[in-house]
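Let's take a walk through this one, starting with the empty space inside and moving out to the backbone oddities. Keep the model open as you read.

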Amino acid sequence: MLSGWGKGLRSKSWLPDLVLIVLAWWAAFWLRFNLTVPQPYRDQALQTTPLALLCMAVGLLLARVPRQSWRYVGLADLRQLAGGVALGALLTTAVVMGSRPQGFPRSVFLISGVLALLALAGARATWRTLAEYTQAQARPAAALQPLLIVGTIDEADQALRTLKGVEGWQVVGIASPRAQDAGRTVQGVRVLGGVEALDQLARAQQAGTVLLASAPGDLARRDVLMRWSGSGLNLLTLPTADELLRPGAATRLRQVRLEDLLGRTPVQLDARGLAALFSGQTVLVTGAGGSIGSELCRQVARLGVARLVCVDVSEYATYRLEQELRQAFPAMEGVYYTANVREPDRLRAIALAHLPGVVLHAAAYKHVPLMETHNEIEALRTNVLGTLHAARVAGEVGAARFVLVSTDKAVNPTNVMGATKRLAEQVVQAVAREFEGTQYVSVRFGNVLGSSGSVVPLFTTQIELGGPVTVTHPEIVRYFMTIPEAAQLVLQAGLMGRSGQIFVLDMGEPVKIVELARLLIRLSGKTEAEVPIAFTGLRPGEKLYEELLADDETTEPTPHPKLRVARVSPPADDVAAAVLAWLAQAGAAPGPADLRGWLHQRVPEYQAQPVRF
């Protein structure tokens, strides 16, 4: 408290405030007596000035007003100022009246408080106005690009506040999707018209760039994109909160991306619980170089882990992750291994060297068609055997928690990849019975936007080559979420889960893949006439509709709105031993039919689709 007072007394804004307080006190007397103050009251004003100054200063100091930066004063600062002035006025009234002056005009206290507030607030507002004007004059007008904002009054207000920290733009108008907003102004910027006339407004203002200020997933945002992409307008948006929180991030406008249009509500995390789980801990991540694994590494690094042990079979992926994390989190100890989860002795040696408190298992083969032909045994060895090794090693070294990253394709699987992930869930539940000191949970979710091997990078490449964009079926739909959202929910489930539970993420509404392709074509600034869409037919093991089983009949709610617990039958007691025994006798190249038959025995809900060899 004393240090805070010291900083307040040393503040550069203290001296002007004192001068304004004295002027307000004397002006109150002049106003009280109609600009002619009788001699006795002049003496009272002179005698009480030091008391009034001291009391008002104490009030402002207690409200921390001297710490304010006049250059960036805002409504919150003015509310703080009003509280300080009110407190100072009450103290002044109590102290002055406590000295029992004869015939002292009590209205002076109210008048001086109002005048002090007006003077102090006006000085700050004037200072900020002059500073912004000076800064604006220092920038050459030719360097400012005209910018139109698309959004409602509220959205435009937030965007204009953010743009004050972004150089190079001059907002020339607002286009609102609400007709009642037309003609109104926001921070001095006028609503010129509706979104339907966006091209005319842009031409009239000579603006080639449009900022979409509406919320992600908003219909107006999607309508603007679908209607005006390819028209010559440069469509931009503000960075998301997750992007702004990344180390070294800057507030700058960026191109609209697919995830902005699909509209995912930001994840609400138990920040305190996650910080307690990860802060100062050693965390081991398998598959750390992959899309989900690398994002898990970023998320836990932000939570303050002491040591992050990254394991991935890919040398290049491990190298890239090492370079990124060393730069973004220089204070964190990162250890990077090019190791394979299919080698239990190596995995055990790594874990014994670092004794992780949390193990996040993201290593897997996930590409459905690739695992469906020629590589079935690889999916079984990595997805099931690798999970068994990682889970047992976590228990052996005494890790507090083990989290398996699973998939929606494990629900009533029709392909080898999905069946192996369902079997991996069973293995984790079985190992949970072996090591009661470790909490084992699995987390299922659907497709992740931009992850390696997903449709988005494929479609993007096809668009760059001029098409066609290949979609397997016009009715095929999938659930999508962003990589950061998936990683955050994996961590949240790991924090909440009880051993043996399987969590299902709320994936929102499913999206037609053909609509996804159309959005990506539009985002590239092209039309379907320039980049056609071709339908190629369903691939081996592919479903039209993915199932998450996230309903009230097959799942149970949790305290988190985006997480539910799946109701599944307990695994057989011999599942781990059965996996080891079958793989030992199967050899390097078991027959595809034999492998599928054995998978069906272990996962009865697995119904293999006919495969063309």
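A cavity here is a set of grid points where a 1.4 Å probe fits but cannot get out, and its volume is the space filled by probe spheres set on those points. The model you're looking at is a predicted one. Rolling a probe the size of a water molecule over the atoms shows where empty space is left.

So how many cavities of 30 Å³ or more turn up? The count comes to two. The second largest cavity holds about 40 Å³ of space, while the largest one holds about 60 Å³.

Take the second largest cavity to begin with. Its lining is made up of Leu284, Thr286, Leu347, Ala351, Val359, Ala390, Val393 and Ala394. Three elements give two or more residues each to that lining, namely β8 (282-286), α14 (344-354) and α16 (376-396). Which of them gives the largest share? That would be α16, with three residues. Sorted by class, the wall has seven nonpolar residues, one polar and no charged ones.

While you're there, follow α16 along its length. At 1.5 Å a residue, its 21 residues should span 30 Å, and the C-alpha atoms at its ends are 29 Å apart, which agrees. There's still a kink of about 25° in α16, centred on leucine 385. Is the helix mostly covered or mostly open? Mostly covered: 18 of the 21 residues in α16 are buried. After α16 comes glycine 398, with a positive phi near 80°.

Now swing over to the largest cavity. You'll find it lined by Ile21, Ala24, Trp25, Ala52, Met56, Ala89, Thr92, Phe109 and Ser112. Four helices, α2 (14-32), α3 (39-62), α4 (75-98) and α5 (107-138), each supply at least two residues of this lining. The largest share, three residues, comes from α2. By class, the residues of this wall divide into seven nonpolar, two polar and no charged.

Two of the lining residues, Trp25 and Phe109, are worth a second look, this time for their rings. A pair of aromatic rings is described by the distance of the centres and the angle of the planes. The structure holds seven aromatic pairs. In one of them, tryptophan 25 and phenylalanine 104 have ring centres 6.4 Å apart and planes at 25°; since planes under 30 degrees apart count as stacked, the pair is stacked. Why does this pair tie together parts 79 residues apart in sequence? Because tryptophan 25 lies in helix α2 and phenylalanine 104 sits in the loop between α4 and α5. Tryptophan 25 is buried, at a relative accessible area of 3%, and phenylalanine 104 is buried too, at 4%.

Tryptophan 25 also pairs with phenylalanine 109: the ring centres are 6.1 Å apart and the planes stand at 45°, so this pair is tilted. Here helix α2 provides tryptophan 25 and helix α5 provides phenylalanine 109, so the pair ties together parts that are 84 residues apart in sequence. Both tryptophan 25 and phenylalanine 109 are buried. Step back and you'll see that ring pairs link Trp25, Phe29, Phe104 and Phe109 into a cluster.

That leaves the backbone. Most residues other than glycine have a negative phi, and most peptide bonds are trans. With that in mind, have a look at a few spots in the loops.

Where does glutamine 187 lie? You'll find it in the loop between β3 (185-186) and β4 (189-194). Its phi is near 50°, a positive value in a residue other than glycine. Glutamine 187 is partly exposed, with a relative accessible area of 37%.

Glutamine 206 is another one to check. It sits in the loop between α7 (198-204) and β5 (209-212), and its phi is positive, about 55°, although it is not a glycine. Its relative accessible area is 68%; over 50% counts as exposed, so glutamine 206 is exposed.

Finally, jump to the loop between α18 (455-464) and β15 (469-471), where proline 468 is found. A cis peptide bond joins glycine 467 and proline 468, with omega about 0°.

Key
Residues are numbered from 1 along each chain as its sequence is written. This is a predicted model: local features need pLDDT of at least 70, side-chain atom pairs count only at pLDDT 80 or more; totals for chains, interfaces and linings use all residues. Side-chain values use heavy atoms; hydrogens and water are left out. On a 1 Å grid over the protein atoms alone, a cavity is a set of points where a 1.4 Å probe fits but cannot get out, and a pocket is an open set with protein on both sides within 12 Å along at least five of seven lines; lining residues have an atom within 4 Å of a point. Ala, Val, Leu, Ile, Met, Phe, Trp, Tyr, Cys and Pro count as nonpolar, Asp, Glu, Lys and Arg as charged, and the others, Gly among them, as polar. The expected span of a helix is 1.5 Å times one less than its number of residues. The bend at a residue is the angle between axes fitted to the seven residues ending there and the seven starting there. Buried means under 20% relative accessible area, exposed over 50%, partly exposed in between (1.4 Å probe, protein chains only). Rings of Phe, Tyr and Trp (its six-membered ring) pair if their centres lie within 6.5 Å; planes under 30 degrees apart count as stacked, over 60 as edge-to-face and the rest as tilted.
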